[in-house]
Amino acid sequence: VLSVLDVDKAPQFSENADLYIAELDKLDQEFREVAAQGKRKNVVFGDRFPFLYFIKTYGLAYSAAFPGCSSESEPSAKTVAYLLDKVKKERIPAIFYIEFSNQKIADTICAETGAEKLLFHSCHNVTPEEMQAGITYLDLMQNNVRNLRKALNT
């Protein structure tokens with residue numbers, strides 16, 4: 001559409017699109033490598049879980065305090081106990097949380113198990129500070145690659 005509206009800049013739009021698609025392909029390949037080479041395939045979210053498609057795409061498994069983007073305010077005691085047991089038994093080194101959460105459940109699991117708390121950004125929201133700093137989708141996802149690598153290999 002932009003190329004139609006501004007024909008003079010069409011080659012630049014096309015070149016920029018090709019470069020961005022290449023970056024997205026590279027990011028996808030990084031996630032595939034991290035998932036394939038990980039010592040474990042299970043990740044734990046002490047939070048809501050808006051990542052089902054991601055997990056399925058990269059052949060991972062998950063456990064979470066809340067199903068999807070549940071509107072519940074607290075997980076059940078049974079769910080928390082299950083997550084604590086799972087993390088301890090499987091020696092899961094990292095518990096994920098998502099941006100803008102209160103991180104309470106992730107903090108509890110980490111305190112009880114010694115696991116590290118890591119952000120897995122859903123890229124739905126950014127803080128004013130992130131916006132001001134010029135943080136991009138690719139920046140957020142590169143941080144997710146690093147944190148996933150740590151969670152699957154520590």
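Start by selecting α2: its buried residues (under 20% relative accessible area with a 1.4 Å probe, protein chains only; exposed is over 50%, and partly exposed lies in between) are A10, L27, E30, F31, V34 and A35. Before going further, know that this is a predicted model, in which local features need pLDDT of at least 70 and side-chain atom pairs count only at pLDDT 80 or more, while totals for chains, interfaces and linings use all residues. Residues are numbered from 1 along each chain as its sequence is written, and side-chain values use heavy atoms, with hydrogens and water left out.

**Stop 1: α2**

A word on names: helices (H or I, at least four residues) and strands (E, at least two) are DSSP runs, numbered from the N terminus. Keep α2 selected and bring up α1 (2-5), α3 and α7, since the buried residues of α2 pack against these. How far apart are the end C-alpha atoms of α2? They are 40 Å apart, which agrees with the 40 Å that its 28 residues should span at 1.5 Å a residue; the expected span is 1.5 Å times one less than the number of residues.

**Stop 2: F31 and the largest core**

Now pick F31. Leaving out neighbours within four places in sequence, F31 is in contact (heavy atoms within 4.5 Å) with F54, Y58, F120, M141, N144, V145 and L148. F31 also belongs to the largest nonpolar core, a set of buried Ala, Val, Leu, Ile, Met, Phe, Trp, Tyr and Cys residues joined through side-chain atoms within 4.5 Å. That core has 24 residues, and F31, F54 and L148 touch the most other members. Colour the elements that give two or more residues to this core: α2 (10-37), β1 (42-45), α3 (52-57), β3 (94-97) and α7 (137-153). Which one gives the largest share? It is α7, with 6 residues.

There is another core to find. Select F66, V80, V87 and Y97, which are among the 16 residues of a second, separate core. As background, nonpolar side chains tend to be buried together in soluble globular proteins.

**Stop 3: α7**

Go to α7 next and show its buried residues: L138, L140, M141, N144, V145, N147, L148, A151 and L152. What covers them? The cover includes α2, β1, α3, β3, β4 (116-119) and α6 (128-133). Measure end to end if you like: the 17 residues of α7 should span 24 Å at 1.5 Å a residue, and the end C-alpha atoms are 24 Å apart, so the two agree. Turn the view and you can see α7 lying across β1, β3 and β4, at about 155 degrees to β4. Angles here run from 0 to 180 degrees between N-to-C directions, with axes fitted to C-alpha atoms, for helices over the stretch in contact.

**Stop 4: the sheet**

Hide the helices for a moment. You are left with 4 strands in an open sheet, ordered β2-β1-β3-β4 with parallel pairing; two strands pair if DSSP finds at least two bridges between them. At the edges sit β2 (61-64) and β4, each pairing on one side only. From one strand to the next, the twist averages 35 degrees.

Zoom in on β1, where N42 and V44 on one side and V43 and F45 on the other are all buried, leaving both faces covered. β1 and β2 run parallel and are joined by 4 bridges. Find V43 and look across to its bridge partner in β2, Y62.

Over on the other side, β3 and β4 pair in the parallel sense over 4 bridges. I95 has K117 of β4 as its bridge partner. Bring back helix α5 (residues 104-113), which packs on the sheet, touching β3 and β4, with its direction at about 170 degrees to that of β3.

**Stop 5: L119**

Still in strand β4, click L119. L119 is buried, because its relative accessible area is 18%. Not counting residues up to four places away in sequence, L119 touches F96, Y97, I98, E99, N143, N144 and N147. Add L148 too: the C-alpha atoms of L119 and L148 are 9.4 Å apart, with their places 29 residues apart in sequence.

**Stop 6: two loops**

Most residues other than glycine have a negative phi. F100, in the loop between β3 and α5, has a positive phi near 65 degrees. Is F100 buried or exposed? F100 is exposed, with a relative accessible area of 54%.

Finish at C123, in the loop between β4 and α6. Its phi is also positive, about 65 degrees, and at 22% relative accessibility C123 counts as partly exposed.
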